[in-house]
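Subject: Structure handover

Hi,

Here is the structure I promised to pass on to you. Have a look at it in your viewer, and then read on for what turned up.

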Amino acid sequence: MMSQMMITTEFADVTLMSEDRKYIKAHRNILSACSPVLKDIVSMDKSSSTFIYLRGIQHSELESLLQYIYLGEATLSNERIIEFLAVAKIL
């Protein structure tokens, strides 16, 4: 179910933009359940479509983080693990 939501982005109501200007669609309820920082952001914006720019976070880390949030596991290269953990700690 969660993997299907991630793939199709059906009912996705948040757009996340990484530092390298790549976009990923996500779901407000999923993000807010997994991150107090993102919960605060989406709680302030009551519009039907929220846009969040994540300065300092690269697309590869954001993509891996969302894989972990939606699927419970993430695939990433050993070279990027420090950056991935830093992003996870921030959010």
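Which residues of the largest nonpolar core touch the most other members? Among the 20 residues of that core, they are Leu16, Leu31, Ile52, Leu62, Leu66 and Tyr70. Two or more core residues come from each of S1, S2, helix H2 (28–34), helix H3 (36–44), S3, H4 and H5. H4 provides the largest share, with 5 residues. Please keep in mind that this is a predicted model.

**Helix H4**

Since H4 gives the core its largest share, let me stay with this helix for a moment. H4 runs through residues 59–71. Its 13 residues reach 18 Å from the first C-alpha to the last, close to the 18 Å expected at 1.5 Å a residue. The buried residues of H4 are His59, Glu61, Leu62, Ser64, Leu65, Leu66, Gln67, Ile69 and Tyr70. They pack against helix H1 (2–8), S1, S2, H2, S3 and H5.

Two residues of H4 are good places to zoom in. Tyr70 is in contact with Met2, Met5, Met6, Ala26, His27 and Ile30, leaving aside neighbours within four places in sequence. Ser64 has a relative accessible area of 7%, so it counts as buried. Its side chain reaches the backbone oxygen of Thr75 at 3.4 Å. With neighbours within four places again left out, Ser64 is in contact with Ala74, Thr75, Leu76 and Phe84. Just after the helix, Gly72 takes a positive phi of about 85 degrees.

**The strands**

How do S1 and its partners pair, parallel or antiparallel? With S3, strand S1 (residues 14–18) pairs in the parallel sense over 5 bridges, and Ser18 stands opposite Leu54 in S3. With S2, S1 pairs in the antiparallel sense over 4 bridges, and here Thr15 stands opposite Lys25.

The side chains of S3 (residues 50–54) alternate: Thr50, Ile52 and Leu54 point to one face and are buried, while Phe51 and Tyr53 point to the other and are not. Ile52, on the buried face, is also one of the core residues that touch the most other members. S2 has a covered face with Ile24 and Ala26, and an uncovered one with Tyr23 and Lys25.

**One aromatic pair**

The structure holds 1 aromatic pair. The ring centres of Tyr23 and Phe51 lie 6.1 Å apart and their planes are at 55 degrees, so the pair is tilted. It links distant parts of the chain, with Tyr23 in strand S2 (residues 23–26) and Phe51 in strand S3, 28 residues apart. Tyr23 counts as exposed because its relative accessibility is 52%, and Phe51 counts as partly exposed because its value is 48%. The cut-off between the two classes is 50%.

**Two residues of H5**

Helix H5 spans residues 81–90 and includes Val87. Is Val87 buried or exposed? Its relative accessibility is 5%, so Val87 counts as buried. Not counting residues up to four places away in sequence, Val87 touches Ile57, Glu61 and Leu65. Both Glu61 and Leu65 are listed among the buried residues of H4. The C-alpha atoms of Val87 and Gln58 are separated by 9.2 Å, with their positions 29 residues apart along the chain counted as the offset.

Leu85 also has its place in H5, but at 51% relative accessibility it counts as exposed. Its C-alpha atom is separated by 12 Å from that of Ser60, which is 25 residues apart from Leu85 along the chain.

**Backbone angles to check**

Most residues other than glycine have a negative phi. Which loops hold a residue that departs from this? Phe11, in the loop between H1 and S1, has a positive phi near 65 degrees. With a relative accessibility of 71%, Phe11 counts as exposed. Arg21, in the loop between S1 and S2, has a positive phi of about 60 degrees although it is not a glycine. The hairpin that holds Arg21 has 4 residues between its strands. Arg21 is exposed too, with a relative accessible area of 64%.

Happy browsing, and best wishes!

How values were computed. Residues are numbered from 1 along each chain as its sequence is written. This is a predicted model: local features need pLDDT of at least 70, side-chain atom pairs count only at pLDDT 80 or more; totals for chains, interfaces and linings use all residues. Side-chain values use heavy atoms; hydrogens and water are left out. Buried means under 20% relative accessible area, exposed over 50%, partly exposed in between (1.4 Å probe, protein chains only). Contact means heavy atoms within 4.5 Å. Two strands pair if DSSP finds at least two bridges between them. Rings of Phe, Tyr and Trp (its six-membered ring) pair if their centres lie within 6.5 Å; planes under 30 degrees apart count as stacked, over 60 as edge-to-face and the rest as tilted. A polar contact is a pair of N or O atoms within 3.5 Å; within protein, one must be able to donate a hydrogen and the other to accept it, and residues adjacent in sequence count only if both atoms are side-chain atoms. A nonpolar core is a set of buried Ala, Val, Leu, Ile, Met, Phe, Trp, Tyr and Cys residues joined through side-chain atoms within 4.5 Å. The expected span of a helix is 1.5 Å times one less than its number of residues.
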